[in-house]
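Notebook open. Today I'm looking up how two helices pack, and then what sits in the core around them.

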Amino acid sequence: MADVLLNRLREARDAKGWTQAELAARVGVSRKTVNTVENRVFTPSATLAIKLAEALELNVEQLFWIER
Amino acid sequence: MHDVHDVEQAERMGRARSRIFFVLAMVFFAGQSAYFASSPATRDSHARIGAWLILVILMLLLLATGGFLLKGRKVRNLLNDETSRHNRLAAQAMGFWVTIVSALVVYVESIFDPVTFNEAIHIIVTLGVGAALISFAVRERRAHRIG
């Protein structure tokens, strides 16, 4: 069975009080990308995962983990 | 860091792009259906072949670049970010498979009913490019609707 990458992007973004568009602007991606990552439709690259974590001032492991 | 205004503009343009690509592919298929429905004696006019060729080249350009080449680099980078690049690659893969399968079908068909070289190329390219463009448009539309 394929591993599933889970995330707490929405909670972390809400904690900052940012909209998807605001987070997208800080990371340099489209709102669609933030939305599809939040909804686990799209698995981000390592680069994007690190950028998202940096923008939200978290470690990547705090933001993303694998469901086993 | 980008401006939120750029993100919102890219969002609007991305939604428009998925609609435009879908409609363009449908118009393309409709045009080619009319082409194959007409008699073989009249359909291979220079105008018809030229129009088909121009549309194919345009669609390939859109698939290769994501379109909006005249827009600023910031907005274009947002339009063609990781998700869109992923969707474009998946659409190109879909185009590849449709091209191969249609080539095999045309090959087998030609054993029973002769198909000219031009007809074969026309069918294979039309299906491959059209399928890739529709696949990209559908993936993008789906991604925009989630949430």
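I started with the verdict: α2(A) and α4(A) are roughly perpendicular, a label that covers 65 to 115 degrees. Before going on, I noted that this is a predicted model, where local features need pLDDT of at least 70, side-chain atom pairs count only at pLDDT 80 or more, and totals for chains, interfaces and linings use all residues. Residues are numbered from 1 along each chain as its sequence is written, with chains lettered from A and ligands numbered from 1 in the order in which they are written.

I looked up the geometry: α2 (residues 20-27) and α4 (residues 46-55) of chain A pack at about 115 degrees, axes 9 Å apart. Helices here are DSSP runs (H or I, at least four residues), and axes are lines fitted to C-alpha atoms over the stretch in contact, with angles from 0 to 180 degrees between N-to-C directions.

Who makes the contact (C-beta atoms within 7 Å)? I found A:L23, A:R26 and A:V27 on α2(A), facing A:K51, A:L52 and A:A55 on α4(A).

Next I followed A:L52. Beyond its neighbours within four places in sequence, A:L52 contacts A:L9, A:V27, A:P44 and A:L63.

Then the largest nonpolar core (buried Ala, Val, Leu, Ile, Met, Phe, Trp, Tyr and Cys joined through C-beta atoms within 7 Å; buried means 20 or more other C-beta atoms within 10 Å). It has 23 residues, and A:A24, A:L52 and A:L63 touch the most other members. I see that α2(A) gives the largest share, 5 residues.

Technical notes. Helix = DSSP H or I, 4+ residues; strand = E, 2+ residues; numbered from the N terminus. Parallel < 35°, antiparallel > 145°, perpendicular 65-115°, else oblique. Contact = placed C-beta atoms within 7 Å. Buried ≥ 20, exposed ≤ 12 C-beta atoms within 10 Å, placed from the backbone.
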